[in-house]
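Me: Hi! Could you walk me through this one while I have it open?

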Amino acid sequence: MLSFRSPSNNERILAIAIRKIEKMLKDMQREGKDLSRLKLKKFQKTHHIDCNCKLCEEAKKKNDPHMRGLTEDGFKVYVSGDKKDV
Ligand SMILES: [Zn+2]
C-alpha cells in the first residue's frame, strides 16, 4: 500500500527544504551580506485546552498533545540579541 505520508517521503521533503534554505542563505552571504545573527525558529500554536473539535478530541483520546488542532503553524525568522523584537 502506498502512503503519501510515509516517513521516507517526509524525510525527502525535509531534506529539500533544508537544501533550499541553506542555498538561499549561502547565496546572500556570498553577496557579502552578514547573516551571522540570523536565527530560525519553528512555532506552533495549538487550540485551547478545552477545545472539543475533532482533532483535539482524538488527541485527548490518544493522550498525545501533538495531535491537537493548530491555530498557527509556521516559521519565525529573527535576529539574535535584537531588543526591539517582540
Ligand atoms: Zn481543537
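Me: How many residues of β2 are buried?
Reply: The number buried is 0 of the 10 residues of β2, so β2 lies largely in the open. Here a residue is buried if 20 or more other C-beta atoms lie within 10 Å of its own, exposed if 12 or fewer, and partly exposed in between, with C-beta atoms placed from the backbone. Strands (E, at least two residues) and helices (H or I, at least four) are DSSP runs numbered from the N terminus.

Me: Before I go on, what kind of model is this?
Reply: It is a predicted model, where local features need pLDDT of at least 70, side-chain atom pairs count only at pLDDT 80 or more, and totals for chains, interfaces and linings use all residues. Residues are numbered from 1 along each chain as its sequence is written.

Me: And what is the mean pLDDT of the protein?
Reply: The mean is 88, and 88% of the residues reach 70 or more; pLDDT is the predictor's confidence in each residue, from 0 to 100. Among the elements, helix α2 (residues 54-62) has the highest mean, 95, and strand β1 (residues 38-46) the lowest, 90.

Me: Back to the strands. How many bridges join β1 to β2, and which way do they run?
Reply: They run antiparallel, joined by 9 bridges; two strands pair if DSSP finds at least two bridges between them. Leu 40 has Val 77 in β2 as its bridge partner, and Lys 45 has Glu 72.

Me: Why does β1 lie largely in the open?
Reply: Because the number buried is 0 of its 9 residues. Across the protein, buried residues make up 1% of the 86 residues.

Me: Where does Asp 73 lie?
Reply: Asp 73 lies in strand β2. Asp 73 is exposed, because it has 10 other C-beta atoms within 10 Å. The C-alpha atoms of Asp 73 and Gln 44 are 4.5 Å apart, although the two are 29 residues apart along the chain.

Me: New topic: what is the phi of Asn 63?
Reply: Phi of Asn 63 is near 55°, a positive value in a residue other than glycine. Most residues other than glycine have a negative phi.

Me: Where is Asn 63 found, and is it buried or exposed?
Reply: Asn 63 is in the loop between α2 and β2 (70-79). Asn 63 counts as exposed because it has 7 C-beta neighbours inside 10 Å.

Me: Last one: in what order do the elements run?
Reply: From the N terminus on, they run α-β-α-β, with 2 helices and 2 strands in the protein.
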